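Here's a quick tour of one protein model, from the outside in. Have the structure open as you read.

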Amino acid sequence: MRHILARSELCLGCKSCELACAVAHSTSKTLFQALAEPKLPQKRIFVESNGEENFPLQCRQCLDSPCVHACMSGAMRIDLKTELIQVDSQKCVGCMMCVMVCPYGVIAEIRSTRQVAKCDRCLDLDYNPACISACPTKALQFVEVQEFTHSGRKAFLELVKGVN
């Protein structure tokens, strides 16, 4: 299964991924129209910075799924077809238990509805999630874990080669 993985050393902190995510989850699917929607679209990725380094975070699809276990209404569930943790907005009662137990802090409240939003990997898009397509430096990658680790090792070897 492919995952959204990040190379923090490539992240500029431009937040293009955040904007693309919000637009992808808007009703209109266009930036200018999304800004005028009565319910502003909610981003599901968060670029955090300590002033020197930036790191994009979104749902990590945890194997132990603390959000699913904490959800009292059954709104947070593992989709058997995609094997991804998804939110059923029809069942969400806004208790925010999933927000409290998420170890990455990436489940957001939708204030207008008092429900939650989390990365759904843009399942309605054909190929890449919106955040991946929007990243100008390719800091975000939608790949198999093995491919990601292999490319990381290759990048390290290129770095070492350049130093010597």
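## A greasy patch outside

Phe156, Leu157, Leu159, Val160 and Val163 make up a nonpolar surface patch, together offering about 520 Å² of accessible area (Shrake-Rupley method, 1.4 Å probe, with only the protein chains shown counting as cover). Patch members need over 30% relative accessible area and no salt bridge, with nonpolar side chains joined within 5 Å and like charges within 9 Å; a salt bridge is a Lys or Arg side-chain nitrogen within 4 Å of an Asp or Glu carboxyl oxygen. Phe156 sits in helix α6, residues 145–163, and is exposed at 52% relative accessible area (exposed is over 50%, buried under 20%, partly exposed in between).

This is a predicted model: local features need pLDDT of at least 70, side-chain atom pairs count only at pLDDT 80 or more, and totals for chains, interfaces and linings use all residues. Numbering starts from 1 along each chain as its sequence is written, and side-chain values use heavy atoms, leaving out hydrogens and water.

## A charge over a ring

The charged end of Arg7 sits over the Phe148 ring, 3.8 Å from its centre (the rule: Lys NZ or Arg CZ within 6 Å of the ring centre and within 35 degrees of the ring normal).

## Cys11

Cys11 is in the loop between β1 and α1 (DSSP runs numbered from the N terminus: helices H or I, at least four residues; strands E, at least two). Cys11 is buried, with 14% relative accessible area. Thr137 is 126 residues away from Cys11 in sequence, yet their C-alphas are 6.8 Å apart.

Technical notes: Buried < 20%, exposed > 50% of the residue type's maximum accessible area, 1.4 Å probe, protein only.
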